[in-house]
Amino acid sequence: MGRGKFITLEGVDGAGKSTHLNCLAELVRQRGHEVVLTREPGGTRLGEELRTLLLGEPMHIDTEILLMFAARREHLAQVIFPALAAGKWVISDRFTDATFAYQGGGRQVALDRIGTLEKWVQGDFQPDLTLVFHVSVEIAEQRRAGRSGGDRFEQLDKAFFERVSTQYLSRAAADPGRMRIIDASRSVTDIQKELEIIILSI
Ligand code: TYD
């Protein structure tokens, strides 16, 4: 059996990626593949502990980035690499593009510093496909307002999310073979139709 494929979902908080996670998993299963659904930060016991700290606890920006990559290293070792080697497809709710977008774009940390850690933790390994769910920051804000709670990142201001969104779009423009921008302002049905076509093409 061949290696499985690695698909990641990205976008600003409120773009709606979580809504499409299960539908995407179902589409991949219909193609006859076993699916592992996971998320970042998180995906392992240690990673979930780090997620609680990352989303709740104020910390130095370098600490934030190092913990994101520490959680990621564990996630790759325990979940992603073994599943792909066993021929399973892995779908992750966020991965390294989120660090470039949030810590790089949003918090304005130099992208080459993040790139150094990316190389250290994952070498040349990249997702086979990254779907960037894109909506205007105004729509994302309205969608977030309808939710209860909200983590440390969701409370940041509009300018922060503008920078996150811009960073996602410029990464997608620079790597069109891997990254697809999904216009997430459309209806759920329309988006699912597009996802179906994309999944059949990879
Ligand atoms: P999110 O994936 O939106 O989960 P939920 O749908 O449960 O709110 O939340 C994760 C948060 O973590 C999100 O605000 C983005 C942030 N994040 C980073 O800042 N950097 C990263 O590298 C990752 C993976 C996530």
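Me: A polar contact is a pair of N or O atoms within 3.5 Å. How far is an oxygen atom of the ligand from an N or O atom in the side chain of D13?

Reply: The model is predicted, with local features needing pLDDT of at least 70 and side-chain atom pairs 80 or more, while totals for chains, interfaces and linings use all residues. Residues are numbered from 1 along each chain as its sequence is written, and side-chain values use heavy atoms, without hydrogens or water. The D13 side chain offers an N or O atom to a ligand oxygen, and the separation is 2.9 Å.

Me: Which residue has a polar side-chain atom 2.8 Å from a nitrogen atom of the ligand?

Reply: E154 has a polar side-chain atom 3.1 Å from a ligand oxygen, so that is not the pair asked about. The ligand nitrogen has its partner, at 2.8 Å, in the side chain of Q103.

Me: How much of the ligand's exposed area does the protein bury?

Reply: Taken alone, the ligand exposes 550 Å² (Shrake-Rupley method, 1.4 Å probe). The share of that area buried by the protein is 89%.

Me: Which helix gives the most to the shell around the ligand?

Reply: Helices here are DSSP runs of H or I, at least four residues long, numbered from the N terminus. α1 (17-30), α2 (45-56), α3 and α4 each supply at least two residues of the shell. With four residues, the top contributor is α4.

Me: How many residues of α4 are buried?

Reply: Helix α4 spans residues 96-106 and is mostly covered. Its buried residues (under 20% relative accessible area) include T96, F100, Y102 and Q103. Of its eleven residues, the number buried is eleven.

Me: Which residue with a positive phi follows α4?

Reply: The phi in question is near 65 degrees. The residue is Q108.

Terms used: Buried < 20%, exposed > 50% of the residue type's maximum accessible area, 1.4 Å probe, protein only. Polar contact = N/O pair within 3.5 Å; in protein donor to acceptor, adjacent residues only side chain to side chain.
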